[in-house]
Amino acid sequence: MVTFFCAIGHTTNTVFAASAEVPATWDCHDCDRPAGLDPNNPPVSIPSGPYKSHLAYVRERRSDADAEAILAEALTKLRAAA
Ligand SMILES: [Zn+2]
């Protein structure tokens with residue numbers, strides 16, 4: 001069992017065969033960012049846009065139900081502005 005750590009603090013446990021070579025990075029199961037073996041120095045993916053939106057931060061801190069409400073509110077504002 002090998003634990004990988006992504007840049008935003010998820011841990012991904014992966015089982016490798018004893019004969020298998022453990023890779024330096026692995027895709028985080030939670031966010032698909034690259035995850036590494038060192039929790040203090042996780043690999044950082046190169047973002048193509050803003051690395052993480054404010055909404056993404058909010059969604060991490062709150063429950064899924066709250067996030068849904070926030071997302072709905074944001075969509076309503078977007079539609080109203082359009
Ligand atoms: Zn992650």
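Helices and strands are here DSSP runs, a helix having at least four residues and a strand at least two, and both are numbered from the N terminus. Read in that way along the sequence, the protein follows the pattern β-β-β-β-α-α, which comes to 2 helices and 4 strands. The model is a predicted one, and what follows should be read with that in mind. Of the 82 residues of the protein, 17% count as buried, and among the contacts with a separation of 6 or more, 27% are accounted for by residues 24 or more positions apart.

A convenient place to begin is the zinc site. The zinc ion has as its protein donors the SG atoms of C6, C28 and C31 together with the ND1 atom of H10, and these lie 2.0 to 2.4 Å from the ion. Along the chain the donors follow the spacing C-x3-H-x17-C-x2-C. The angles among the 4 donor atoms run from 106 to 115°, and the site is tetrahedral; for comparison, the ideal angle for four tetrahedral donors is 109.5 degrees. Because C6 lies in strand β1 and C28 in the loop between β3 and β4 (34-36), this pair ties together parts of the chain that are 22 residues apart in sequence. Both of these cysteines are counted as buried because they fall under the cut-off of 20% relative accessible area: C6 has a value of 3%, and C28 a value of 1%.

The loop between β3 and β4 also holds D32, a residue whose backbone deserves a second look. Most residues other than glycine have a negative phi. D32, although not a glycine, has a positive phi of about 70°. In contrast to the buried C28, D32 is exposed, with a relative accessible area of 60%.

From the metal site one can pass to the nonpolar interior, where C6 and C28 appear again. The largest nonpolar core has 6 residues, namely V2, F4, C6, F16, C28 and A35, and strand β1, which spans residues 2-6, gives the most to this core, with 3 residues. Two of the zinc donors, C6 and C28, are therefore also members of this core, in keeping with their being buried at 3% and 1% relative accessibility.

V2, another member of the core, has contacts that reach well beyond its own strand. Leaving aside its neighbours within four places in sequence, V2 is in contact with T12, N13, T14, F16, V22 and L37. V15 lies in the loop between β2 (11-14) and β3 (25-27), and its C-alpha atom is separated by 6.0 Å from that of V2, a residue 13 positions away along the chain. V15 itself is exposed, with a relative accessible area of 62%, whereas F16 is buried, at 18%.

The aromatic residues give a further view of how these segments are joined. The structure holds 3 aromatic pairs. In one of them, the rings of F4 and W26 have their centres 5.8 Å apart and their planes at 20°, so the pair is stacked. F4 lies in strand β1 and W26 in strand β3, so this pair ties together parts that are 22 residues apart in sequence. The two partners differ in their surroundings, because F4 counts as buried at 0% relative accessibility, while W26 is partly exposed, with a relative accessible area of 31%. W26 also pairs with F16: the ring centres are 5.2 Å apart and the planes lie at 80°, so the arrangement is edge-to-face. Since F16 lies in the loop between β2 and β3 and W26 in strand β3, this second pair ties together parts that are 10 residues apart in sequence. Ring pairs thus link F4, F16 and W26 into a cluster, and of these residues F4 and F16 belong to the nonpolar core as well.

The last feature lies in the helical part of the chain. A search of the whole structure finds 1 salt bridge, formed by K77 with E73, whose closest N and O atoms are 3.3 Å apart. Both residues lie in helix α2 (residues 64-81), 4 residues apart, which is about one turn of the helix. K77 is exposed, with a relative accessible area of 54%, and E73 is partly exposed, at 46%.

Definitions and conventions:
Residues numbered from 1 in each chain as written. Predicted model: local features only at pLDDT ≥ 70, side-chain atom pairs only at ≥ 80, totals over all residues. Heavy atoms only, no water. Core = buried A, V, L, I, M, F, W, Y, C linked by side-chain atoms within 4.5 Å. Buried < 20%, exposed > 50% of the residue type's maximum accessible area, 1.4 Å probe, protein only. Contact = heavy atoms within 4.5 Å. Donors = N, O, S within 2.8 Å, 3.2 Å for Na, K, Ca; no water. Tetrahedral: all angles 85-135°; square planar, octahedral: opposite > 155°, others 65-115°. Salt bridge = Lys/Arg side-chain N within 4 Å of Asp/Glu carboxyl O. Phe/Tyr/Trp six-rings, centres within 6.5 Å; stacked < 30°, edge-to-face > 60°.
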